[in-house]
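Let's take a walk through this model together. Have the sequence and the 3D view open, and follow along as we move from place to place.

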Amino acid sequence: MSETEKIIKGIQFGLLSPDEIRKMSVGAIKSPDVYDEDGTPIEGSVLDPRLGVIEPGQKCPVCGNPMGVCPGHFGHIELVRPVIHVGFVKEIYDTLKATCRNCGRLKLRPEKGSTCEEFKSEEEELTLEKAYRILKAIKKRYPLAAKRLIDHVKKTAAKQEVCPHCCAKQYKIKIEKPYTFYEERKEGLVKLLPTEIRERLEKIPNEDAELLGFDPQYSRPEWAVLTVLPVPPITIRPSITIESGMRAEDDLTHKLVDIIRINNRLEESIRSGAPQLIVEDLWDLLQYHVATYFDNEIPGIPPAKHRSGRPLRTLAQRLKGKEGRFRGNLSGKRVDFSARTVVSPDPNLSINEVGVPIYVAKILTVPERVTKFNIERLRQAVINGPDKWPGANYVIRPDGRRIDLRYVKDRKELAASLTPGYIVERHLVDGDIVLFNRQPSLHRISMMAHKVKVLPGKTFRLNLLVCPPYNADFDGDEMNLHVPQSEEAIAEARELMLVEKNILTPRYGGPIIGAGQDFISGAYLLTVKTTLLTKEEAYTILGVSDYIGDLGEPAILAPNEYYTGKQIVSLFLPKDFNFHGTAKISSGPRACKTEDCPHDSYIVIKKGILLEGVFDKNAIGNQQPESILHWLIREYGDEYGRYLMDNLFKVFIRYAEMRGFTMTLDDITISEDAKSKTKELIKQHEEVVNDYMVKYNEGKLEPIPGRTLEESLENYILDTLDKLRNSAGEIAAQDLDPFNNVYVMARTGARGSVLNITQMAAMLGQQTVRGERISRGYLNRVLPHFKVNDKSPEARGFVYSSFRSGLNPIEMFFHAAGGREGLVDTAVKTSQSGYMQRRLINALSDIRVEYNGMVRTTYGDVIQVIYGDDGVDPMRSAHGKTFDVNRIIERVVGWKR
Amino acid sequence: MPEIEKECKVISKVPGSLKGLKLLNLDCGDITATVDLVQEIDIFDEGNEVTFVVSRDKPNYTPNDFCAHGYLFYEKKSDDAFVSLISLYGLLVKIVSNSGIISSGILNMMDHVYVCIKKLN
């Protein structure tokens, strides 16, 4: 068989004409019964054997092909009365409005003018010929402009009350959704029957149809009113045999049977001369069944239901939506060699690794070709079989035959028969490359390659440092795992997608994988200059790393020997690394800009020795560009980055464990003295607020430009109350120990902020909804506990209590009101930005950077002459810049500074 | 032969800006030194007479002395005096002198040095 290459130039959409439907049909379908008494499908029924074979061993009577090869064939139903195609109701409506009810012409003025006296039109109004000329000129080149012209034509023509061609008076067409049309005549509303609609549409000449947006060669307007209904092949609506031997039919088959039954009843009624009312009722029923056959979610009509009460899944439902054919089966589909389970943390794994339960490892397989180098290992895997890990599930012989090891009695014999050329589908073992993914997959690092580490348990285990790219936490998150099957896929995953190769994000070039939370607390506590370690302690914390080398002389030799935390960190730094910069803790009273810094908040690393300053979020945090971690990875490579995270970062948490790290109520409890100061402060600010309210009531309040007096008052009050909370926070900050663990977390950037501490220790402050004080609830007051029109802080959501002291019921109510807004915002933002992202990805997914740096579409259209207009790959750049001169100088001669 | 060897007096011992940190202020005549100390190595009292040694070679010391090693990593002139910093892998020794340690050629940037403070009596 010769294969010729064909290139698809375009796709032509159109409506099927009744003739076409009959031509492609293998026969009319008339019988509402499907099976005869002995259970064979009846010829002329919806399961007519001519419609295709779905049983193995049968041959198609039409094409002679067996199941799987026979594509299936269409049949047709001759509808006794025409019905509206529910998918084209809008087109029918527009067309009826724009064309003459009598002659079928488009109600646009002819160029030579209308002969009708009653016809009124303005001189500049579009003429029929002109519209046609314009359409012809722009149709191919500017299809969007043509669409606008057609809309204009429809609108202009619909306005005419008299046909400019035959002078017939026109009536207003009304639609009762979903598919009933009426004409507003003198005598009242008159229903337009589909027969009448079809007749009117038939009269429209091809030229006029074109101006209404139809391409008459492929879709005539009257084809939107069905007289013949195609019956799709059985292959798209196969029947299934359930356990009890009963046959269950597809929803489409059920629907087609309904259509045939009603069609036959309608035919019978007409033939027997039944009253018009009965005929029309049956006709309506036929219309309902045909409409719901196309779409069973039409607003305004009840969905057709199965006997069980379940709505039928008809044509439109099969296609649209997330689980429809396009999104659910074509854009994305279920795949083999994948697993999904809950993730849980394991700081002892490498960032490159993923812990896989043995149960999963025994189901997922990797095809490995037998060679003389691996034959013994693979023989053992075959002997172990499917139930003993590390075993194998299948063996594929060189002739392509697949042997299922579940059913092999003597696996030893099979193992002995293995020779190079066989393929063994062996269990997942340590070191195998797999892809790991967490939805929503918003950026490419939502899916990275990991090395398998088979572990007991039922969850996937993940190093905590890899949480940020996946946006994963361990409150029940599940993740997917995929096993690449070919050597190429495995190599590609390893070389491009491995976690260590994606530490720097392509978004801005900074490390997306880096320290967070306890890693930062641990790093700070270890590196702060007051930390001294005995030799044993140094050994203990280094024990979790793979550090091999001399520990060196302790920094403190006498009176006792002590190592410092900075000394431990320096063991992991490259011997030519230089860095100067401020730490996160360098702020407020502890800010430093030079090396002469008493607070240990200015970091100096020279020749790989951490001389001064602490490691906190600024130095090693995730998503911190231009940090120590960033420069280390950029200058010493991904592998070194991975080494740091697998070793030094583990040392940090080991130190935190050894020292102990917790928080207590004492960390956020302020003294009585501070409390009384806060009370005094509250009094002062309340007076200020009262002053504003008195001024407002007396009309003496100075309005803020551009705001009403009331808005100005609200602004003044909000400002005052904000100052109150800040001042209360300051009092608390002065009162609390700035080196307690809660403060350590906030200052180092590990977790929480100064505001969190203020709210825990001092006061929650103003609760807002949409940026304003809470004012809605009862009439002119939020809660019945307040006087009407009370504008005082406590009546409008100011919370004087702290989390430490606890909130009173009213404060709790306000706090819940403010909190609800946050929850709603999150929910709305997630869904909206998700949809936006989907649309953007679909629009941009085919754009790519060519080898010459140009950005082009798949058609070769140039989007950018050089990527990003500067050719810089953010992942390999110095935080978006092509290079960073200051960093280069620092790197080379920074130690001399 | 140590690069710097001075007889000094502990003029004060004040709390540093970090928890558990103390600053030992030494008056050594033409230079003054401020040394970071923490509880584990705090063996000095105000008024102690001490010898302050900065040396490339490891000096002799006893368990009654304070002795550590690190790097000279910073020197800047501020006002009329030079401020030099030695990091004992974190703990800082700040030396204020008229001529500077690097500027006067006694030591070089990033020289590995031993710093010892020995009690005289």
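In which helix of chain A does Ile889(A) lie? Ile889(A) belongs to helix α27, which covers residues 885–893 of chain A. Before going on, keep in mind that everything here comes from a predicted model. Ile889(A) is partly exposed, with a relative accessible area of 46%. It also has company: Phe883(A), Val885(A), Ile888(A), Ile889(A), Val892(A) and Val893(A) form a nonpolar patch on the surface. Together these residues offer about 540 Å² of accessible area.

Now zoom out to the whole of chain A. You'll find 27 helices and 31 strands in it. Its C-alpha trace spans about 115 × 100 × 60 Å along the principal axes. The radius of gyration of chain A is 38 Å, whereas a compact globule of 897 residues would have one near 29 Å. Even so, buried residues make up 47% of the 897 residues in chain A. Take the contacts in chain A with a separation of 6 or more: 66% of them are between residues 24 or more positions apart. As for the outside, chain A exposes about 47,500 Å², and carbon and sulfur atoms supply 52% of that.

Chain A isn't alone, so let's look at where chain B meets it. The contact takes 33 residues from chain A and 34 residues from chain B. Between them the two chains bury about 3,100 Å², with 65% of it on carbon and sulfur atoms. Charged side chains take part here too: four salt bridges are found across the interface of chain B and chain A. To see a salt bridge between these chains, find Lys94(B) and Asp596(A), whose side chains meet at 3.3 Å, N to O.

Salt bridges are worth following further. How many are there over all chains? The count comes to 58. One of them joins the side chains of Arg22(A) and Glu78(A), at 2.5 Å from N to O. Arg22(A) lies in helix α1 (residues 18–24) of chain A and Glu78(A) in strand β2 (residues 74–84) of chain A, so this pair ties together parts that are 56 residues apart in sequence. Arg22(A) is partly exposed, with a relative accessible area of 33%, and Glu78(A) counts as partly exposed at 33% relative accessibility.

Next, try Lys501(A) and Glu495(A), which form a salt bridge with their closest N and O atoms 3.9 Å apart. Lys501(A) counts as partly exposed at 27% relative accessibility, and Glu495(A) does so at 45%.

Are Glu183(A) and Arg185(A) buried or exposed? Both are buried. Their side chains meet in a salt bridge too, at 2.7 Å from N to O. The pair is also part of a network of salt bridges that links Arg101(A), Glu183(A), Arg185(A), Glu196(A) and Arg200(A).

Let's turn to helix α12 (residues 375–384) of chain A. Its buried residues are Ile375(A), Leu378(A), Ala381(A), Val382(A) and Asn384(A). What do they pack against? Their partners are β11 (365–369), β12 (392–396), α13 (411–417) and β14 (423–427) of chain A. Just after α12(A) comes Gly385(A), which takes a positive phi of about 70°.

Another helix to visit is α23 (residues 709–735) of chain A, where you'll find Thr720(A). Thr720(A) is buried, with a relative accessible area of 5%. Apart from its neighbours within four places in sequence, Thr720(A) is in contact with His685(A), Val688(A), Val689(A) and Tyr692(A).

Our last stop is a loop. Cys163(A) lies between α4 (143–159) and β3 (172–176) of chain A, in the loop that separates them. Cys163(A) is buried, with a relative accessible area of 0%. Which residues is it in contact with, leaving aside its neighbours within four places in sequence? Cys163(A) is in contact with Cys100(A), Cys103(A), Cys116(A), Phe119(A), Ala168(A) and Gln170(A). For a sense of scale, look from Cys163(A) across to Gly752(A): the two are 589 residues apart along the chain, and their C-alpha atoms are separated by 75 Å.

Methods
Residues numbered from 1 in each chain as written. Chains lettered and ligands numbered in written order. Predicted model: local features only at pLDDT ≥ 70, side-chain atom pairs only at ≥ 80, totals over all residues. Heavy atoms only, no water. Patch = residues over 30% accessible without salt bridge, like charges linked within 9 Å, V, L, I, M, F, W, Y side chains within 5 Å. Areas by Shrake-Rupley, 256 points an atom, 1.4 Å probe, with all protein chains shown as cover. Helix = DSSP H or I, 4+ residues; strand = E, 2+ residues; numbered from the N terminus. Buried < 20%, exposed > 50% of the residue type's maximum accessible area, 1.4 Å probe, protein only. Rg over C-alpha atoms; globule rule 2.2 N^0.38 Å. Contact = heavy atoms within 4.5 Å. Buried area = accessible area lost by both parts, 1.4 Å probe.
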